[in-house]
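Hi there,

Here is the structure I promised to pass on to you. Have a look at it first, and then read my notes below with the model open beside you.

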Amino acid sequence: KQWYQRRVAITAGGYDVAKTFGAKFNYISPVWLQIVPTTQGTFKIKGGHDIDAGWVRDVRANNTNVKIAPRLIFGEWSMAHLTQVTSSEGELMHLVQVVVEFFKGEKF
């Protein structure tokens, strides 16, 4: 067994590379999503409309074991809000729950 994992982060120019060479990777991380705080004190994932299900199918057709692990950009966050969330176990667990539920819903 190999002791390392092959990963690639996908930006606009990497979609064709990932489809062509997807069999060489364990993880592919497209940049589709942002997580933002809401005025209600919770979190929202934006960018779901950018998820390209056809591309995901094409990549998985070349490698059924590849994991799609989208990167989350922390857009619209102030340093104070980042500090507040990461200093509170309850808020941090809520953030994790929002991400996990979203990723499960998208079958990532």
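Below is what I found, going from the overall fold to the sheet, the core, the aromatic rings, the charged pairs and the surface.

Please keep in mind that this is a predicted model.

**The fold**

The protein chain has four helices and six strands. If you walk along the sequence, these elements come in the pattern β-α-β-β-β-α-β-β-α-α. The chain is 108 residues long, and 31% of them count as buried.

**The sheet**

Three of the strands make an open sheet in the order 4-3-6, and the pairing is mixed. Strand 4 and strand 6 (72-73) are the edges, each pairing on one side only.

Strand 3 and strand 4 run antiparallel to one another, with four bridges between them. One of the residue pairs to look for is P37 with its bridge partner F43 in strand 4. These two strands form a hairpin with five residues between them, where G41 has a positive phi near 85°.

On the other side, strand 3 pairs with strand 6 in the parallel sense, over two bridges. Here L33 has L72 of strand 6 as its bridge partner. L33 itself lies in strand 3, and it counts as buried because its relative accessibility is 0%. From L33 you can also look across to D50: the two are 17 residues apart in sequence, and their C-alpha atoms are 7.9 Å apart in space.

Strand 4 is a nice one to view from both sides. In a regular strand the side chains alternate between the two faces of the sheet. In strand 4, F43 and I45 are on the covered face, while K44 and K46 are on the uncovered one.

**The core**

In soluble globular proteins, nonpolar side chains tend to be buried together. The largest nonpolar core in this model has 21 residues, and I28 and W55 are the ones that touch the most other members. Strand 3 (33-37), strand 4 (43-46), helix 2 (53-62) and helix 4 each bring at least two residues to this core. Helix 4 gives the most, with five residues.

**The aromatic rings**

How many aromatic pairs does a search of the whole structure find? The count is seven. One of them joins Y15 and W55: their ring centres are 4.9 Å apart and their planes are at 70°, so this pair is edge-to-face. The two residues come from distant parts of the chain, with Y15 in helix 1 (residues 15-21) and W55 in helix 2, 40 residues apart.

Are these two rings buried or exposed? W55 counts as buried, because its relative accessibility is 3%. Y15 is partly exposed, at a relative accessible area of 21%; the cut-off for buried is under 20%.

Both belong to one aromatic cluster, made up of Y15, W32, W55, F102, F103 and F108.

**The charged pairs**

Side chains of opposite charge can pair when their charged atoms come close. The count here comes to two salt bridges.

In one, D58 pairs with K19, and the closest N and O atoms are 3.6 Å apart. D58 sits in helix 2 and K19 in helix 1, so to find both partners you need to look at parts of the chain that are 39 residues apart. D58 is partly exposed, at 36% relative accessibility, and K19 is partly exposed too, with a relative accessible area of 29%.

In the other, the side chains of K46 and E76 meet at 2.9 Å, N to O. This pair also links distant parts of the chain: K46 is in strand 4 and E76 is in the loop between strand 6 and helix 3 (79-87), 30 residues apart. K46 is partly exposed, with a relative accessible area of 33%, whereas E76 is exposed at 56%.

**A nonpolar patch on the surface**

Finally, turn to the surface. L92, V96 and V100 form a nonpolar patch there, and together they have about 200 Å² of accessible area. L92 is found in helix 4 (residues 89-105), the helix that gives the most residues to the core. L92 is partly exposed, because its relative accessible area is 32%.

Happy viewing, and all the best!

Technical notes: Residues numbered from 1 in each chain as written. Predicted model: local features only at pLDDT ≥ 70, side-chain atom pairs only at ≥ 80, totals over all residues. Heavy atoms only, no water. Patch = residues over 30% accessible without salt bridge, like charges linked within 9 Å, V, L, I, M, F, W, Y side chains within 5 Å. Areas by Shrake-Rupley, 256 points an atom, 1.4 Å probe, with all protein chains shown as cover. Salt bridge = Lys/Arg side-chain N within 4 Å of Asp/Glu carboxyl O. Buried < 20%, exposed > 50% of the residue type's maximum accessible area, 1.4 Å probe, protein only. Core = buried A, V, L, I, M, F, W, Y, C linked by side-chain atoms within 4.5 Å. Phe/Tyr/Trp six-rings, centres within 6.5 Å; stacked < 30°, edge-to-face > 60°. Pairing = 2+ DSSP bridges.
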